[in-house]
Amino acid sequence: MSDERYQDENEFLEWQKQRARRVEKNEQAFRGYNERRQQFEKPTLLIGETAPFVCECADEDCWGTLELTPDEFESAHDQEDHFTVLPGHVMPEFETVVDRHEHYWVVEKFTPEEVEQRLVADPDQPER
Ligand SMILES: [Zn+2]
């Protein structure tokens, strides 16, 4: 471990928190889009039928789509900080995988405060 890795650790933490907030905002925007879509699609789908949802990963340029049934979508989003992403579309600094399916993963988002705590607690060992 090098103390000189970041010239100003506070600055680095502040920057990471800002990134975390942006990631969160981006993912919430996609989630909102998907939720509206889910409400629109659900009455028209047969049981077990899937609809395309956008990937809710942190990459602003990702427009990947996931094929989910309304039930899969609902159970993946039963918690506020859970998001559905394409397999592998994960930023381990900002989120952790809570559920892996063949065609989609569910991630749990850290709050900006949790991101900071994790960095302070273990700065050289990001998970995975
Ligand atoms: Zn993605």
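F53 has L66 as its bridge partner in β2. Strands here are DSSP runs (E, at least two residues), numbered from the N terminus. β1 and β2 run antiparallel and are joined by four bridges; two strands pair if DSSP finds at least two bridges between them. The model is predicted: local features need pLDDT of at least 70, side-chain atom pairs count only at pLDDT 80 or more, and totals for chains, interfaces and linings use all residues. Residues are numbered from 1 along each chain as its sequence is written, and side-chain values use heavy atoms, with hydrogens and water left out.

Side chains alternate along β2. L66 and L68 point to one face and are buried. T65 and E67 point to the other face and are not buried. Buried means under 20% relative accessible area (exposed is over 50%, partly exposed in between; 1.4 Å probe, protein chains only).

C55 lies in the loop between β1 (51-54) and β2 (65-68). Its contacts (heavy atoms within 4.5 Å) include F30, L66 and H89, not counting residues up to four places away in sequence.

| Residue | Relative accessibility | Class |
|---|---|---|
| C55 | 1% | buried |
| C57 | 3% | buried |

C55 is also a zinc donor. The protein donors are C55 (SG), C57 (SG), C62 (SG) and H89 (ND1), 2.0 to 2.3 Å from the ion. Donors are N, O and S atoms within 2.8 Å of the metal (3.2 Å for Na, K and Ca); water is not among the atoms, so sites may look incomplete. The donor residues are spaced C-x1-C-x4-C-x26-H in sequence. The four donor atoms subtend angles of 106 to 113 degrees around the zinc ion, so the arrangement is tetrahedral (four donors, all angles between 85 and 135 degrees).

Terms used
Four donors count as tetrahedral if all angles lie between 85 and 135 degrees; four count as square planar and six as octahedral if opposite donors are over 155 degrees apart and all others between 65 and 115; anything else is irregular.
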